[in-house]
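Reader: I am new to this structure. Please take me closely through one part of it.

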Amino acid sequence: MSVIRKALGRGAMQLSKSGKIATLKTPIQRSFSSILETREMGEEARYIRTQEHQRQAEIRANIERILALEEGHAEKTELVQMLEKKEEDTSLIARLGLNDWKFALPIGLFVGIPALSNQVLVLDAETQLVACFILFCSTMYVNVGGMLGKSLDDYSREIYEELQAVDNTVLEQINTAIVADQQVLTIEEDFKAFNEITDSLAMAQADLLNQREAHLYREAIVKKLDSLSALEESAVFAIRNRMLTSVKAEVVDTFVNDKKVKEAALDRAIAVLAGGAKGKLGEDVVGKVFSQALSNYRTAYAKQPAGSDPILLQLEKDVAAVAQAPVVESKGGNVFVTHPLVL
């Protein structure tokens, strides 16, 4: 309470020195000046409370440090003695020795009895009222004063904490705004980096598309070569199958219609079977018939005019269809337009 009164007194002295109290003002000016004065006094009181809290914290820290020292330490011993030492009463009553009832009682009787008998002090309603008022003031000072002081201190502490919270919120908003502004300042560099990355990706994509076309062209050629190889194998298989069919049909026809050949083959087979394991094969009648059939097929095929073989004709047509050059895509253009990047 004394600190607040000092702070208010100091604020009032500063306001009086600055001329804010000495002059008469209009109601609006008085209201505005009272707001300023109240604000200045509140700020000064808050500053004083802050300083007092700091001093109290320093004193508390020093006391805790001294109490944490070892027993017998000079600073700790001095502090304990100072706390245990009774505060001496230096008032006028103490100096006169009236704080001891053994002296105060006879002196009070010596002074009070003549004062009452000579009516210097009259015990009436007014005197009792004054005594009750003094008792009331003493009781309020002793018992209620601490409670009021504590409530005012708590109220001032709450106000300080609320103001501190407002200051922290404003400071956080300011820091957030600063960070946002710094990010805005670097947005140009971010766009430059983004455009550089986009250009690099576009160049890589253009190179990839060029290489892709080359690989696609090579893959088309490889597929055509595989098709030609398959056509060749198919034609060879068809020619071989036709030859075997013709030779087999001619051999079967020879054994069915030529009795001499049939009998010669049968006799040769009987002779081989009769000779057992040591028998000789002799003349191969069946082999001669197959050789003759192959020779006849070769002779007949050689007599055919060129380009009359249907298998070869179909092979030429298929080869001509497959042997055409692959179609090359030549669109070109801006890679940013034809193949936009999806980021």
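Author: What follows is a close look at helix α7 and its two partners. This is a predicted model, where local features need pLDDT of at least 70, side-chain atom pairs count only at pLDDT 80 or more, and totals for chains, interfaces and linings use all residues. Residues are numbered from 1 along each chain as its sequence is written, and side-chain values use heavy atoms, without hydrogens and water.

Helices are DSSP runs (H or I, at least four residues), numbered from the N terminus. Helix α7 covers residues 187-257, and helix α9 covers residues 285-303. They pack at an angle of about 130°, with axes 9 Å apart. Axes are lines fitted to C-alpha atoms over the stretch in contact, and angles run from 0 to 180 degrees between N-to-C directions. The pair is therefore oblique. Angles under 35 degrees count as roughly parallel, over 145 as roughly antiparallel, 65 to 115 as roughly perpendicular and the rest as oblique. On the α7 side, the contact (heavy atoms within 4.5 Å) includes Arg242, Met243 and Phe255. On the α9 side, Phe290 and Tyr297 are among the residues involved.

Now the second partner. α7 and α10 pack at about 175°, with axes 10 Å apart. That makes the two roughly antiparallel. Leu228, Leu231 and Arg242 are among the α7 residues in this contact. α10 contributes residues including Pro310, Ile311 and Leu315.

α10 itself spans residues 310-322. Its 13 residues reach 18 Å from first C-alpha to last, close to the 18 Å expected at 1.5 Å a residue. That expected span is 1.5 Å times one less than the number of residues.
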